[in-house]
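Reader: I am new to protein models, and I would like a close look at one part of this one. Could you start with a pair of aromatic rings and then show me what else stands out?

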Amino acid sequence: PVAGVSAINTITFKGNMEILTNGTTGSTNRHTLKLNGADYIIIDSLTIINTGTTYASGVEVTNAADNNIISNCNIQVPQSTSGNFAGLTISGTTPTSTGNTGSNNTISNNTISGGYYGVTAIGGGTTTKRLGNKFVNNRIIDFYYYGAYLYYQDQFKFDGNYISASSTATISSYAVRLYYVDAFTCNSNNIERFGAYGIYAYYANYQGTGSPTSRAQIANNMIGGDVFGTGTNYGMYITTNARDLDIVHNSISNAGSTGNLRGIYILSGTGAVVKNNSIADFTGTDYALYVSSTLYVTSVDYNNYYMPTSSNFIYIGGAYSTTTYQGGGGYNVNSIDGDPGYNNNMSDLHTFSSQLNDKGDNTVGITTDIDGDARPLAPSTTVDIGADEFAVPTVDAGVLSVDSPAVPYCTLPSMSNIYVTFG
């Protein structure tokens, strides 16, 4: 570390979008920019490019590099089918190697494109997690396999990011993979395009002993639309000793895949709360929600489900149909089913539909939506289902009459004028 640096004595590199480039040829110096044991450094507004053909990392944070900020940068690496390529890493000597890599680093408001991995954050192991790292309001795009590969983190934030895989990404790709990440928030992300997994969580919030002292949140995310896996795909895949997760106010869609979507899939754990989610698969034949055992959840309610092409519907320790899911097993008493009316089923999961409006549960404690709008949105006193809080328009335009020409219309000459009254 530089002598004398501290939280109030930081060092700032203001780039004004000047370009740093590197064409890496070997594994030792695969980076364009590296923070090696550096603390309290601010990297702001640089264009960081790596054109390496065998190894390439845009930015590396490593060797106990703590309390740094990387913001407003444009980071570019080639997309690759090789794990030697990553946009930004908090890791050891490779994008996924463990160690005392870095804590309390903030990665914010960057565009990070390309790579096998978009970003990685790797700690030391299950008992030596790195603390307080944050990825906030970034665009992570055009990656091949993993948008975010996040291992051995504690008090971690992954919030407000936009994630979209490359058009040539593998059909098995992950947008976000969490592995032994504790006391985290994964909130308000727009995960638009992925192959198989929107959010994959393994040992999520396990907190060492399996007895967490705090809950973790997966909330206010818009997941999917453009899901391109050809098998069974997952909006969320929660597995292996996940503990005390609040899975609330998410909007999930499958409209592009030739495969099926399980909107939320829970295979293991305890204490999950699944409320105020909107799950829609417009083309598949799988389950909107699949919980393999009732032991894994404490509450499932106030969700909206829509599976118009599927004979399957809900599974919580047993299968429920559209006629049996409400109250089935003591769950979903206040849940509903119907088209959520997304603005665009592929790319924009905002809505103005009365199907979701004022149908949620206020007690989940999420006070803003994915856009920062208040929950509930005044003058309403009840929250909406899904990631978007909205008001249904009270006035809309509709056709009152066709005034000219008169019926029948079939004999109209090709250049006739048509006059319509709206109201």
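Author: Here is a walk that starts at one ring pair and moves on to other local features.

The model is predicted. Keep that in mind throughout.

Start with the rings. A pair of aromatic rings is described by the distance of the centres and the angle of the planes. A search of the whole structure finds 43 aromatic pairs. Tyrosine 174 and tyrosine 197 form one of them, and this pair is stacked. The ring centres lie 4.4 Å apart, with 20° between the planes. Stacked is the right word because planes under 30 degrees apart count as stacked.

Where do the two tyrosines sit? Tyrosine 174 lies in strand β17, which covers residues 174-182. Tyrosine 197 lies in strand β20, which covers residues 197-202. The pair therefore ties together parts that are 23 residues apart in sequence.

Are these tyrosines buried or exposed? The cut-off for buried is under 20% relative accessible area. Tyrosine 174 has 9% relative accessibility, so tyrosine 174 counts as buried. Tyrosine 197 has a relative accessible area of 16%, so tyrosine 197 is buried too.

Next, look at the loops that involve these strands. Most residues other than glycine have a negative phi, and most peptide bonds are trans. Alanine 183 has a positive phi, near 45°. Alanine 183 lies in the loop between β17 and β18 (185-187). At 23% relative accessibility, alanine 183 counts as partly exposed. Tyrosine 203 also has a positive phi, near 50°. Tyrosine 203 is found in the loop between β20 and β21 (216-219). Its relative accessible area is 15%, so tyrosine 203 is buried.

Two peptide bonds also deserve a look. The bond from arginine 375 to proline 376 is cis, with omega near -10°. The bond from alanine 378 to proline 379 is cis as well, with omega near 10°. Proline 376 is in the loop between β36 (348-351) and β37 (399-404). Proline 379 is found in the loop between β36 and β37.

Now turn to two residues with small polar side groups elsewhere in the chain. Threonine 47 is found in strand β3, residues 41-50. At 10% relative accessibility, threonine 47 counts as buried. Its side chain reaches the backbone oxygen of methionine 17 at 3.4 Å. Leaving aside neighbours within four places in sequence, threonine 47 is in contact with Met17, Glu18, Ile19, Leu20, Asn74 and Gln76.

Serine 71 lies in strand β5, residues 69-71. Serine 71 is buried, with a relative accessible area of 9%. Not counting residues up to four places away in sequence, serine 71 touches Ile43, Asp44, Ser45, Ser108 and Asn110. Serine 71 and threonine 106 are 35 residues apart in sequence. In space, they are 7.9 Å apart, C-alpha to C-alpha.

Last comes empty space. Rolling a probe the size of a water molecule over the atoms shows where empty space is left. The structure holds one cavity of 30 Å³ or more. The largest cavity has a volume of about 30 Å³. Which residues line the largest cavity? They are Ile238, Ala242, Arg243, Leu245, Ile266, Ser268, Gly269, Thr270, Ala272 and Tyr296. By class, the lining has six nonpolar, three polar and one charged residues.

Key. Residues are numbered from 1 along each chain as its sequence is written. This is a predicted model: local features need pLDDT of at least 70, side-chain atom pairs count only at pLDDT 80 or more; totals for chains, interfaces and linings use all residues. Side-chain values use heavy atoms; hydrogens and water are left out. On a 1 Å grid over the protein atoms alone, a cavity is a set of points where a 1.4 Å probe fits but cannot get out, and a pocket is an open set with protein on both sides within 12 Å along at least five of seven lines; lining residues have an atom within 4 Å of a point. Grid points are joined across faces, edges and corners, and a volume is the space filled by probe spheres set on the points. Ala, Val, Leu, Ile, Met, Phe, Trp, Tyr, Cys and Pro count as nonpolar, Asp, Glu, Lys and Arg as charged, and the others, Gly among them, as polar. Helices (H or I, at least four residues) and strands (E, at least two) are DSSP runs, numbered from the N terminus. Buried means under 20% relative accessible area, exposed over 50%, partly exposed in between (1.4 Å probe, protein chains only). A polar contact is a pair of N or O atoms within 3.5 Å; within protein, one must be able to donate a hydrogen and the other to accept it, and residues adjacent in sequence count only if both atoms are side-chain atoms. Contact means heavy atoms within 4.5 Å. Rings of Phe, Tyr and Trp (its six-membered ring) pair if their centres lie within 6.5 Å; planes under 30 degrees apart count as stacked, over 60 as edge-to-face and the rest as tilted.
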